[in-house]
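Me: I would like to go through this model step by step, with each reply reasoning its way to a value or a name.

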Amino acid sequence: MAHIEVMNPVAQSAQFRAEPAKRLDDLSGKTVALYWNMKPGGDVALARVGELLQERYPGLKVRSYIGSVGYAVRYAGNDVLDQMARECDAAVGTSAD
């Protein structure tokens, strides 16, 4: 008699949990990173977000960042993530999808 063993071709999911960053009470006087991954329209959206944040929070500064990994679409490598963490208090990113 023939025997067939059925296998599940789906790999186990990796388990990763990270605690979200604590919210800042106020953005006044802070520096916000504006991260763009080079997808069309994301730069326009980020520019507007930066303008609106600066209108709302006195002394707020914005710094623009672009991903360092990839070509047409740029992902944030550890170098860019570390730089944003050193230079900024908060970050906004777009994917423009």
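The exchange below takes up the sheet, the helices, the nonpolar cores and one loop residue.

Me: In this predicted model, what is the order of the strands in the open sheet of three strands?

Reply: The model is predicted, and its open sheet is built with parallel pairing. Strand 1, residues 31-36, pairs with strand 2 over six bridges, and within this pairing Thr-31 stands opposite Lys-61. Taken across the three strands, the order is 2-1-5.

Me: Which strands stand at the edges of the sheet?

Reply: The order of the open sheet is 2-1-5, and an edge strand here has a single partner strand, so one of its sides is left without a neighbour in the sheet. Neighbouring strands are turned against each other by 25° on average, with direction ignored. The strands at the edges are strand 2 (61-66) and strand 5 (90-94).

Me: At about what angle does helix 1 run to strand 1?

Reply: Helix 1, residues 42-56, lies across strand 1, strand 2 and strand 5. Helix 2, residues 78-87, also packs on the sheet, where it touches strand 1 and strand 2 and makes about 175° with the direction of strand 2. For helix 1 against strand 1, the angle is about 165°.

Me: Which element gives the most to the largest nonpolar core?

Reply: The largest nonpolar core has eight residues in all, among them Leu-27, Trp-36, Leu-46 and Tyr-57. The elements that give two or more residues to this core are strand 1 and helix 1. With three residues, the element that gives the most is strand 1.

Me: Leaving aside neighbours within four places in sequence, which residues is Leu-53 in contact with?

Reply: Leu-53 belongs to the largest nonpolar core, which also holds Leu-34. A second, separate core of six residues includes Tyr-65, Val-80, Met-84 and Cys-88. With neighbours within four places in sequence set aside, the contacts of Leu-53 are Leu-27, Val-32 and Leu-60.

Me: Is Val-73 buried, partly exposed or exposed?

Reply: Val-73 lies in the loop between strand 3 (69-70) and strand 4 (74-75), and beyond its neighbours within four places in sequence it is in contact with Asn-37 and Lys-39. Buried would require under 20% relative accessible area and exposed over 50%. Because the relative accessible area of Val-73 is 24%, this residue is partly exposed.

Me: What separates the C-alpha atoms of Val-73 and Ser-95, in Å?

Reply: Val-73 and Ser-95 are 22 residues apart along the chain. The separation of their C-alpha atoms is 9.4 Å.

Notes. Residues are numbered from 1 along each chain as its sequence is written. This is a predicted model: local features need pLDDT of at least 70, side-chain atom pairs count only at pLDDT 80 or more; totals for chains, interfaces and linings use all residues. Side-chain values use heavy atoms; hydrogens and water are left out. Helices (H or I, at least four residues) and strands (E, at least two) are DSSP runs, numbered from the N terminus. Buried means under 20% relative accessible area, exposed over 50%, partly exposed in between (1.4 Å probe, protein chains only). Contact means heavy atoms within 4.5 Å. Two strands pair if DSSP finds at least two bridges between them. Axes are lines fitted to C-alpha atoms, for helices over the stretch in contact, and angles run from 0 to 180 degrees between N-to-C directions. A nonpolar core is a set of buried Ala, Val, Leu, Ile, Met, Phe, Trp, Tyr and Cys residues joined through side-chain atoms within 4.5 Å.
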